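Trainee: I would like to take a close look at one part of this model and then see how it sits in the whole chain. Please start from the charged side chains and work outwards.

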Amino acid sequence: MARMHTRRRGTSGSDKPAADDPPEWSDVDEDEIEQRVVELADQGHDPSQIGMKLRDEGVTGTPVPDVKLATGKKITEILEENDADADIPEDLRNLMERAIRLREHVQENGQDYQNKRALQNTESKVRRLVDYYRGKQLAPEFTYSYETAKELLEPDSR
């Protein structure tokens, strides 16, 4: 999303190496990885946090460099199979949390035009993502508003 709301080109970064199978030094069993993924999800971690924990800590002390290479499934697919997935996708949840924080800030600080603009941009991204997920992972009649986002995220139902 580099040029969505600015003229900048985004950041350059390295690509993941093209590999077809996990490295030899990572000899963790697929079932152990899946159990650890579900366990971390039950503790309240998001899929991106689960990937970092598996990369850093591993399953039984052995790091897992790439869950998809090791198991053949993405972390979100493993969570869906075990009914441990969140009701709202992680990227949408993070944007909604940001929009809520920005709106509360703008309500307190009415002259903060920079953050008013940031709120407009963030809510625009949220609406775009809602359109993408509507019918797939969200209800077909779901529409974004500050009140619905506040209701969904207030109890922090991860």
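Trainee: Which residues are linked with R36 in a network of salt bridges?

Mentor: R36 is linked with E39, K53 and E57 in that network. Before the details, the basis of the values should be stated. The model is predicted, so local features require pLDDT of at least 70 and side-chain atom pairs count only at pLDDT 80 or more, while totals for chains, interfaces and linings use all residues. Residues are numbered from 1 along each chain as its sequence is written, and side-chain values use heavy atoms, with hydrogens and water left out.

A salt bridge here is a side-chain nitrogen of Lys or Arg within 4 Å of a carboxyl oxygen of Asp or Glu. By this rule the count comes to 12 salt bridges. Within the network, R36 pairs with E57, and their closest N and O atoms are 3.4 Å apart. R36 belongs to helix α1 (residues 30-42) and E57 to the loop between α2 (47-56) and α3 (67-71), so this pair ties together parts that are 21 residues apart in sequence. E57 also forms a salt bridge with K53, with the closest N and O atoms 3.3 Å apart.

The partners do not share one degree of burial. Buried means under 20% relative accessible area, exposed means over 50%, and partly exposed lies in between (1.4 Å probe, protein chains only). R36 is buried, because its relative accessible area is 17%. E57, at 41%, counts as partly exposed, and K53, at 25%, also counts as partly exposed.

The network should be read together with the packing of the two helices. Two packed helices are described by the angle between their axes and the distance between the axes. The axes of α1 and α2 come within 10 Å and cross at roughly 130°; axes are lines fitted to C-alpha atoms, for helices over the stretch in contact, and angles run from 0 to 180 degrees between N-to-C directions. The two helices are therefore oblique to each other, since angles under 35 degrees count as roughly parallel, over 145 as roughly antiparallel, 65 to 115 as roughly perpendicular and the rest as oblique. On the α1 side, I33, R36, V37, L40 and A41 make the contact, and on the α2 side I50, K53 and L54 do so, where contact means heavy atoms within 4.5 Å. R36 and K53 thus appear both in the salt-bridge network and in the contact between the helices.

I33, another contributor from α1, is buried, with a relative accessible area of 1%. Leaving aside its neighbours within four places in sequence, I33 is in contact with V28, L54, V59, V64, V67, A70 and T71. The C-alpha atoms of I33 and E123, 90 residues apart along the chain, are separated by 36 Å.

E123 leads to helix α6 (residues 113-133), where it is one of the buried residues; the others include A118, L119, N121 and T122. What covers the buried residues of α6 includes α5 (90-108). The 21 residues of α6 should span 30 Å at 1.5 Å a residue, and its end C-alpha atoms are 30 Å apart, which agrees; the expected span is 1.5 Å times one less than the number of residues. Just after α6, G135 takes a positive phi of about 90°. A further salt bridge joins D131 and R134, with the closest N and O atoms 3.0 Å apart, and R134 counts as partly exposed at 29%.

M4, in the segment before α1, is in contact with K125 and R128 once its neighbours within four places in sequence are left aside. M4 counts as partly exposed at 27% relative accessibility.

Finally, the whole chain. There are 7 helices and 0 strands; helices (H or I, at least four residues) and strands (E, at least two) are DSSP runs, numbered from the N terminus. Of the 158 residues, 30% count as buried. Residues 24 or more positions apart account for 64% of the contacts with a separation of 6 or more. Along its principal axes the C-alpha trace spans about 55 × 35 × 30 Å.
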